[in-house]
Amino acid sequence: MTDPRNDLDDDTTQAIDVLNGLLGGVEILAVRKPRRGRKFVPGADNSNAPANAVEHALQRAATTADYTAWIDHTASAGGCVAPIQLRGESHVVSERTGRIISTRHTDDMPGRVIYKACGNRRAAVCPSCAEIYRGDTYQLVLSGLRGGKATPASVAQHPCAFVTFTAPSFGPVHSARKHRGKDGQLRNQVCRPRRNPDLCPHGVDLRCHQTHGEEEKILGTPLCLDCYDHDHQVVWNALSGELWRRTMDRAKDILRAWGRDHGIAVKLSYGKVAEMQARGVAHFHALVRLDGITYITGNETHRHRISDKTGRQLACLPKRNPETCPHGVVIQCRTKHHPDAPELGQPLCPECAQQLRDGVHLLAKPHLSADHALVHHAVRTAVERTRFRSLPHPDNPDGWLIEWGTQLDVRPVRQTVDDEITDTAVAGYLAKYATKGAEATGHSSARLTASTVKRYANQYSHAGRLVDACWRLGRPGSDLDETEAAKNSGRLSYRRLQKWAHMLGFGGHFSTKSRQYSTTLKALREARANWRRDHHRTQNHTDDTETTLIVGNFTYAGTGWKTLGDALLANTAAAKAREHRRLIKELLAENND
């Protein structure tokens, strides 16, 4: 068998050698010679053909300098499936004088555009951006368990539970039931065993004597499509966020009542993610933490003081051992203020004074009597007592009952591995589901419109009926009580069903947290941007160098890579970088062990 390289010219061989060095290996399977007179133009209509994508990659890599500059230019969006193209200009501005030092237009940059990653959290849409989102969610959840990233380390000693909230049943479905044997091992059970036929009103036998595996496509599908209540399920999905809010409010009320009876102030903090089950309904995994409360009492202000005994003026606020407020201000003032001084009455720490007015409090370790049993009682009681009916609908004037299912799992989180789930394990578990969508049901699409919904709405599949129910129940005129439906940004409105039909009615955030649970995604992204900026400083950046700002003025130019060849090169380079980081982490972990 002849070597395909023998049919290549010198320029192509040189380009392949460059690709081999930069991408880590290139295998030539076949050589297709172009027709006589044919000229390849990157970006032209023919450059997106699968065969020409490799040609474009070879041409891009043939000039090493241009390729290196282009890879560096697209590194921030490398790996993204559909990056955002921006066109415009950036200015380097002096921070001291505001003078524009230099200006650079995107026409002078490689590719004539700036690429920005799409930032989509769904792994089925963009695996690269979803991996970044998963890592951020992992750090966010873990900091609420261990502390760090502006969260006090004392939270590691607070009672914390891992809670799974499930949806009610809307009809029998195929499932992979598990049973723990005498040896402690989990084994799959028969799906729906019945000794006698169990016929539904439509004549379908609701028995299933198969043992389903974890990855079977039949999981989550109803045994009888006509018996299954698809309408109730999509309405429950749409209002599950409101059900969660009311449940947490009731749990907080229970804890406040307990605190009043015992003279102890406690607070509930949580971080939760939603998971779309195979049957197409959302259920929630949450970390619920019990915190103590220490209210800010720093109301010290500048004052004019006179001694009652001697009549002499005294220092404003002298202290032998002054305290430092949470914002780093020393609560002390040895100045003897004039009676007409403008600072009289002003707080020593404006931030503490503002938080005092807002009723802000600091986290503290709760009392010993506030333990895991209290968390379990508050959560379970709130779940059992929280239910409501949706607003009247033309198809159901009484509305649908929105409540939790009967299965509620509350497990304490420990930092040991003795028969308890650990903090790192549960953080990784939650972060994994933060990147999922409705793919588990077999449905995956972008936002649906009147022209595209017909491709997915049908009556012969479970996912198709769910999409059809969303579009039908969310039609114009579905809100009989328009005044009530318009309250609170329309979160109880049925019109939201059409907007979120591609998510089977679920329109809430897949990852949410209470304000004081831990840090924020914005803070994590800013920290990552600062780290990248600091680590890209060269040896020419010294303290004597003038501090500058980069101000950009860009407009949207398109979505996606210009050619398949560009996508091939950028994604391959990004995959190599990810593999390099993974190997470094494994090496560091081995050295630590």
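# Exercises on a Predicted Protein Model

Residues 24 or more positions apart account for 67% of the contacts in the chain with a separation of 6 or more. The structure is a predicted model. The exercises below examine its elements, cysteines, empty spaces and selected residues.

## Exercise 1. The chain as a whole

Task: State how many helices and strands the chain has, and what percentage of its residues count as buried.

Solution. Step 1: The secondary structure comprises 13 helices and 17 strands. Step 2: The chain has 593 residues, and 39% of them count as buried.

## Exercise 2. The span of helix 7

Task: Compare the expected span of helix 7 with the distance between its end C-alpha atoms.

Solution. Step 1: Helix 7 covers residues 372–385, which is 14 residues. Step 2: The expected span is 1.5 Å times one less than the number of residues, so helix 7 should span 20 Å. Step 3: The end C-alpha atoms of helix 7 are 20 Å apart, in agreement with this expectation.

Task: Identify the buried residues of helix 7.

Solution. Step 1: A residue is buried when its relative accessible area is under 20%. Step 2: In helix 7 the residues that meet this condition are Leu374, Val375, Ala378, Val379, Thr381, Ala382 and Val383. Step 3: For reading such a list, a general rule is useful: an α-helix has 3.6 residues a turn, so residues three or four places apart point the same way.

## Exercise 3. Cysteines and disulfides

Task: Determine how many disulfides the structure contains, and explain why Cys126 and Cys191 form none.

Solution. Step 1: A disulfide requires two cysteine sulfur atoms within 2.5 Å. Step 2: For Cys126, the closest cysteine sulfur belongs to Cys129 and lies 3.6 Å away, so the distance is too great for a bond. Step 3: For Cys191, the closest cysteine sulfur is that of Cys208, at 3.9 Å, which is also too far for a bond. Step 4: A search of the whole structure gives zero disulfides.

Task: Decide whether Cys126 and Cys191 are buried or exposed.

Solution. Step 1: Cys126 has a relative accessibility of 1% and therefore counts as buried. Step 2: Cys191 has a relative accessible area of 4% and is buried.

## Exercise 4. The second largest pocket

Task: Describe the volume and the lining of the second largest pocket.

Solution. Step 1: The second largest pocket holds about 1600 Å³ of space. Step 2: Its lining consists of 49 residues, and those nearest the centre are Ser175, Gln277, Ala278, Arg279 and His283. Step 3: Several elements give two or more residues to this lining, among them strand 4 (160–165), strand 7 (266–276) and helix 9 (462–473). Step 4: Helix 8 provides the largest share, with four residues. Step 5: By class, the lining contains 19 nonpolar, 18 polar and twelve charged residues.

## Exercise 5. The largest cavity

Task: Describe the largest cavity and the residues that line it.

Solution. Step 1: The structure has one cavity of 30 Å³ or more. Step 2: The volume of the largest cavity is about 50 Å³. Step 3: The lining is made up of Val235, Ala238, Leu239, Ser390, Leu492, Ser493, Tyr494 and Leu497. Step 4: Helix 5 (residues 230–262) contributes the most to this lining, with three residues. Step 5: Six of the lining residues are nonpolar, two are polar and none is charged.

## Exercise 6. Contacts across the sequence

Task: Locate Lys116 and name its contacts beyond four places in sequence.

Solution. Step 1: Lys116 belongs to strand 3 (residues 114–116). Step 2: Apart from its neighbours within four places in sequence, Lys116 contacts Ala77, Pro83, Ile84 and Leu86. Step 3: Lys116 and Leu86 are 30 residues apart along the chain, and their C-alpha atoms are separated by 7.6 Å.

Task: Carry out a similar analysis for Val81.

Solution. Step 1: Val81 lies in the loop between helix 3 (64–73) and strand 1 (84–94). Step 2: With a relative accessible area of 46%, Val81 is partly exposed. Step 3: Neighbours within four places in sequence aside, Val81 contacts Val125, Cys126, Pro127 and Trp561. Step 4: Val81 and Trp561 are 480 residues apart in sequence, yet 8.1 Å apart in space, C-alpha to C-alpha.

## Exercise 7. Positive phi angles

Task: Give the phi angles and places of Asn488 and Leu504.

Solution. Step 1: Asn488 is not a glycine, but has a positive phi of about 55 degrees. Step 2: Asn488 is in the loop between helix 10 (482–485) and helix 11 (496–499). Step 3: Leu504, also not a glycine, has a positive phi of about 60 degrees. Step 4: Leu504 is in the loop between helix 11 and strand 16 (511–513). Step 5: Leu504 is buried, with a relative accessible area of 0%.

Key: Residues are numbered from 1 along each chain as its sequence is written. This is a predicted model: local features need pLDDT of at least 70, side-chain atom pairs count only at pLDDT 80 or more; totals for chains, interfaces and linings use all residues. Side-chain values use heavy atoms; hydrogens and water are left out. Buried means under 20% relative accessible area, exposed over 50%, partly exposed in between (1.4 Å probe, protein chains only). On a 1 Å grid over the protein atoms alone, a cavity is a set of points where a 1.4 Å probe fits but cannot get out, and a pocket is an open set with protein on both sides within 12 Å along at least five of seven lines; lining residues have an atom within 4 Å of a point. Grid points are joined across faces, edges and corners, and a volume is the space filled by probe spheres set on the points. Ala, Val, Leu, Ile, Met, Phe, Trp, Tyr, Cys and Pro count as nonpolar, Asp, Glu, Lys and Arg as charged, and the others, Gly among them, as polar. Contact means heavy atoms within 4.5 Å.
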